[in-house]
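Work through the exercises below with the sequence and the structure in view. Try each task before reading its solution.

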Amino acid sequence: MEGDTTPLVEGEYADNLWHGRKRVWIIVGVALLTTLLVIGFTLALVYPFEPDSYALTNSITGDNIGVHLYQLEVIANLSGGSRAVLTGYNASAEFVIKTLQDQTDCKITKEYFKTAIYTELSSPQLALVQPYQNTFQLNVDFRGLRYGGNGEYNFQAGISVIPNYGCNASDFADAKDSIVLILNGQCDLIVKAMNAENAGAKAVLIYNRETDKTLLGSRVRGAGWFPGDPLVTIPVLTTSHLTGSNLIALKQSGSVNLSLQTNTSIVIADSFNVICEVEGASNTSVVMAGAHLDGVPEGPGINDNGSGSSSLLEIAIQWHKQNLEAENTIRFAWWGSEETGLIGSRNYVRDHPELKEQVALYLNFDMLASPNFYPGVFNGVSALNPKIHNASNSITEVFKAFFDEMEFPYGLAPMVSGSDFVPFADVGIPCGGLQTGAGSIKTEEERLLFGGLANAAYDPCYHQHCDSKENISFLAIERMAKAAAYVIQTLAQKEELRSFLG
């Protein structure tokens, strides 16, 4: 009852009882406080204070990442449906920069480079007109090769069969004004194609070896294009082994004429990378984390790679909001022109010869939200550069520790090619990272381990118009982004980082 102050025991006995109890509680309180102070002091000696290693991880949510993904999809919709170099990339980069300026205090820079952009303006056509007429089937008998020609062509010409894989200029004595037929292999496509063009050939057909099971999908240029590197003007296409063999057999019996139509363009465009640096105590053991921000022209690129770039953006934001401090400087990177051959990251590595002395490691995040996902941790010992195996494996172990602690299933993914870790690995910088799969097919074994659908693509909308926000697994992206955050914080706050990597 409210306001009742009547004592349960009255008189002098009550007063003595109260004061006795008071003395007991004071004694108990002092003893407890003393015990806690002793325990605290002992723990401080045994377990020196460390930052909360999950502070960054716990701040990451799929909902917050989804806000960034939504903005990237809006940009794609306003840019002709994609975020490629010539469409929505610049607006995507400016969105990232504006968000970083508003919500972090990192040092932001834009680093420019030039990139060659290839576009197939219409589907190629190939037909036999002599000794009889036959129309070859696109994507079955033949297809155009990326960077295989610049301009509109429509002509008929005879064929010339080139010996010795076409790797030497001397192989092209009979190439002038003909469509040359060259076997795949032994040297790069750009070598064959430039030899043909320099010899006056009108077009190039690269036909498969008998062991090649699918049509080539390679680029007709070097692994990374830089200004001054050659680009082919004449059409370059690939054919199946059967098509090439049949044309050779016909040529041995007499004249063979083909009809060819192509319409492609190669333009040299300006693009840039976005760099955001969080200064740490050490600038000689930089933790670098990157994700490509561009997409393909065929779609909005929300999983590939809005998912990785948005996750990285949210990690940078939360680092600032959680008021975290870095022992080692963190350098976030959003790469341009990855989809045209890792051009942004290749230029960055080429333009910074001091990287190996500055950067202790590079982490790559590409496609973190595939709907039929494979939770892949890059396997450090699979890197093509054996000199980085041990240190890269140390990064792998940090990722594995997180997944094990969280009891999240995961698998190891080969770190071989196809994303922006390649130029870093090539110059001897240890690498690691995450992915959830692209157009490859999930196996039954993987379905049992990770769920989803067997015999279906990890991402059925890979490089297609349907790679929208509806194509995102928010379960995957939250788990993978939390893992990325944990590893970034752990390594950024690790003393003697290079010694830790080994």
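**Exercise 1. Handedness and angle of a helix pair**

Task: Determine the handedness of the crossing of helix 3 and helix 7, and find which residues make the contact.

Solution. Start with what is being examined. This is a predicted model, in which local features need pLDDT of at least 70 and side-chain atom pairs count only at pLDDT 80 or more, while totals for chains, interfaces and linings use all residues. Residues are numbered from 1 along each chain as its sequence is written, and side-chain values use heavy atoms, with hydrogens and water left out.

Step 1. The crossing of helix 3 and helix 7 is right-handed. A crossing is right-handed if the near helix is turned clockwise from the far one by less than a right angle, and left-handed if anticlockwise. Helices (H or I, at least four residues) and strands (E, at least two) are DSSP runs, numbered from the N terminus.

Step 2. Helix 3 covers residues 62-77 and helix 7 covers residues 302-321; their axes come within 9 Å and cross at roughly 130°. Axes are lines fitted to C-alpha atoms, for helices over the stretch in contact, and angles run from 0 to 180 degrees between N-to-C directions.

Step 3. Helix 3 and helix 7 are therefore oblique to each other. Angles under 35 degrees count as roughly parallel, over 145 as roughly antiparallel, 65 to 115 as roughly perpendicular and the rest as oblique.

Step 4. Helix 3 contributes Asn64, Ile65, His68, Leu69, Leu72 and Glu73 to the contact, and helix 7 contributes residues including Ile302, Gly306, Leu313 and Ile317. Contact means heavy atoms within 4.5 Å.

Step 5. By class, the contact of helix 3 with helix 7 has 6 nonpolar, 8 polar and 2 charged residues. Here Ala, Val, Leu, Ile, Met, Phe, Trp, Tyr, Cys and Pro count as nonpolar, Asp, Glu, Lys and Arg as charged, and the others, Gly among them, as polar.

**Exercise 2. A second partner for helix 3**

Task: Find the angle at which the axes of helix 3 and helix 13 cross.

Solution. Step 1. These axes come within 9 Å and cross at roughly 105°.

Step 2. That makes helix 3 roughly perpendicular to helix 13.

Step 3. On the helix 3 side are Gly62, Ile65, Gly66 and Leu69, which meet Phe474, Ile477, Glu478 and Ala481 in helix 13.

Step 4. The residues of the contact of helix 3 with helix 13 divide into 5 nonpolar, 2 polar and 1 charged.

**Exercise 3. The nonpolar core**

Task: Identify which residues touch the most other members of the largest nonpolar core.

Solution. Step 1. A nonpolar core is a set of buried Ala, Val, Leu, Ile, Met, Phe, Trp, Tyr and Cys residues joined through side-chain atoms within 4.5 Å. Buried means under 20% relative accessible area, exposed over 50%, and partly exposed in between (1.4 Å probe, protein chains only).

Step 2. The largest core has 64 residues, and Phe332, Trp334, Leu363, Phe365, Leu434 and Ile488 touch the most other members. Helix 13 (residues 474-492) gives the most to this core, with 11 residues.

Step 3. Not counting residues up to four places away in sequence, the contacts of Trp334 include Tyr89, Leu100, Leu293 and Leu313.

Step 4. Apart from this core lies another, of 22 residues, among them Ala333, Val359, Phe421 and Val422.

**Exercise 4. Two mostly buried helices**

Task: State how many residues of helix 5 and of helix 8 are buried, and what covers them.

Solution. Step 1. In helix 5 (residues 189-198), 7 of the 10 residues are buried. Lys192 and Asn195 are among them.

Step 2. The cover of these residues includes strand 5 (179-183), strand 6 (203-207) and strand 7 (236-239).

Step 3. In helix 8 (residues 343-351), 7 of the 9 residues are buried, so helix 8 is largely enclosed by the rest of the structure. One of the buried residues is Arg346.

Step 4. The cover of helix 8 includes strand 1 (107-130), strand 9 (282-292) and helix 11.

**Exercise 5. Two strand residues**

Task: Decide whether threonine 329 and asparagine 257 are buried or partly exposed.

Solution. Step 1. Threonine 329 is in strand 10 (residues 328-335). At 0% relative accessibility, threonine 329 counts as buried.

Step 2. Asparagine 257 is in strand 8 (residues 257-278). With a relative accessible area of 22%, asparagine 257 is partly exposed.
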